[in-house]
Amino acid sequence: MVSKVGKDSFGDNYIENFKSNGVSTVYVGQTDEASTGVAPITVNDEGQNAIVIVAGANLLLNSEDLERASKVIDCAKVVVCQLEIRPAITLEALKIARKAGVKTIFNPAPAIADLDPEFYKETDVFCCNETEAEILTGIEVCNVENAGKAGSVLLEKGCGSVIITLGAEGSVLMSRDKRTPHYIPTKKVKAVDTTGAGDSFVGALAFYMAYYPSLELEEMNRRACDIASILTNLYQRLVIEEKRIQEEVGESRDEG
């Protein structure tokens, strides 16, 4: 993980969370700027949400920081980038990775309409959701057919492969070699909270690209869809499991 955090409780918590979960970090120092904040807000009964992002310290990540992290990037199997740091720095990171022969995934979130054209050419897998695809192409992605149209535009811009995620409907995959849109449905689940589903999809995709490179991208995509769908009702299942454990503990005490 290459990023910056603030000299505040949030920054300290981020670092400790990475350590406790075994995530290697490239330490480039803490800043006086507040840490990044991401606040999910559920807006309807179907679990759809809006995300409020305060970029904070991440906007201070610079070229010198990337230089310090370059050896780690060079040795990686896959590099995932997005736009919660300055676009110019994100693009620089993608270029470092591509020069070293490292596979790249770019998630243009939060999307910007005037995205530098070089992003498309420096990306092996360009992965965006419906909203991001619309911002980048001007095509309203409200169904699989329109996702295919948006994907075609992105391929024309220079992408190697394009994945447009469609929430509960799954995703659409296209590539230079296979330009016909391939629809990959997701497993149907009762979505309790979709927060982090897109991140889970991208993370799972990166995992399979890194550790199972012989898999077809279609199969990686399918597995990533399954993992993202599981996350949407994970909280509910955790609550049910906790209640079951509490009931078992209560029964044991009664028997005792």
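I'll start in helix α8. Glu219 and Arg223 form a salt bridge there, with 2.9 Å from N to O. Because the two residues are four places apart in helix α8, about one helical turn separates them. The general background is short: an α-helix has 3.6 residues a turn, so residues three or four places apart point the same way. Glu219 counts as partly exposed, since its relative accessibility is 27%. Arg223 is also partly exposed, at 30%. These two belong to a network: salt bridges with shared partners connect Glu218, Glu219, Arg222 and Arg223.

Before going on, I should say that this is a predicted model.

The next pair in that network is Arg222 and Glu218. Their side chains make a salt bridge as well, 2.9 Å from N to O. Both residues sit in helix α8, four residues apart, which is about one turn of the helix. As for cover, Arg222 has a relative accessibility of 29% and so counts as partly exposed. Glu218, at 30%, is likewise partly exposed.

Now the chain as a whole. The protein chain has nine helices and 10 strands. Of its 256 residues, 40% count as buried. The chain exposes about 14,500 Å², and 52% of that is supplied by carbon and sulfur atoms. Taking contacts between residues at least 6 apart in sequence, 55% join residues at least 24 apart.

How many salt bridges does the structure hold? The count is eight. One of them is between Lys95 and Glu118, where the closest N and O atoms are 2.8 Å apart. This pair links distant parts of the chain: Lys95 is in helix α3, residues 87-99, and Glu118 is in helix α4, with the two positions 23 residues apart in numbering. Lys95 is partly exposed, with a relative accessible area of 33%. For Glu118 the relative accessible area is 33%, so Glu118 is partly exposed too.

Helix α4 comes up again in the next item, which is the loop before it. Pro110 lies in the loop between β6, residues 103-107, and α4. The peptide bond joining Ala109 and Pro110 is cis, with omega at about -5°.

On to helix α6, residues 144-156. It has 13 residues and reaches 19 Å from its first C-alpha to its last, close to the 18 Å expected at 1.5 Å a residue. At the start of α6, a side-chain oxygen of Asn143 comes to within 3.3 Å of the backbone nitrogen of Glu145. After the helix comes Gly158, with a positive phi near 125°.

Which residues of α6 are buried? They are Asn146, Ala147, Gly148, Ala150, Gly151, Leu154 and Leu155. What do these buried residues pack against? The list covers helices and strands: α4 (118-121), β7 (125-129), α5 (130-137), β8 (161-165) and β9 (171-175). So α4, which holds Glu118 of the salt bridge with Lys95, is also among the elements that the buried residues of α6 pack against.

Next is Lys187, in the loop between β10, residues 182-184, and α7. Is Lys187 buried or exposed? Lys187 is exposed, because its relative accessible area is 54%, and the cut-off for exposed is over 50%. Leaving out residues up to four places away in sequence, Lys187 touches Asp226 and Ser229. There is also a C-alpha distance to report: Lys187 and Cys225 are 38 residues apart along the chain, and their C-alpha atoms are separated by 7.8 Å.

The last item is on the surface, beside the loop that leads into α8. Where is Tyr212? Tyr212 is in the loop between α7, residues 197-211, and α8, residues 217-232. With a relative accessibility of 41%, Tyr212 counts as partly exposed. Together with Phe207 and Tyr211, Tyr212 forms a nonpolar patch on the surface, and the three have about 340 Å² of accessible area together.

To recap: the network in α8 is made of Glu218, Glu219, Arg222 and Arg223. The Lys95 and Glu118 pair links α3 with α4. The cis peptide bond is at Ala109 and Pro110.

Note on methods
Residues numbered from 1 in each chain as written. Predicted model: local features only at pLDDT ≥ 70, side-chain atom pairs only at ≥ 80, totals over all residues. Heavy atoms only, no water. Patch = residues over 30% accessible without salt bridge, like charges linked within 9 Å, V, L, I, M, F, W, Y side chains within 5 Å. Areas by Shrake-Rupley, 256 points an atom, 1.4 Å probe, with all protein chains shown as cover. Salt bridge = Lys/Arg side-chain N within 4 Å of Asp/Glu carboxyl O. Buried < 20%, exposed > 50% of the residue type's maximum accessible area, 1.4 Å probe, protein only. Expected span 1.5 Å × (residues − 1). Contact = heavy atoms within 4.5 Å. Polar contact = N/O pair within 3.5 Å; in protein donor to acceptor, adjacent residues only side chain to side chain.
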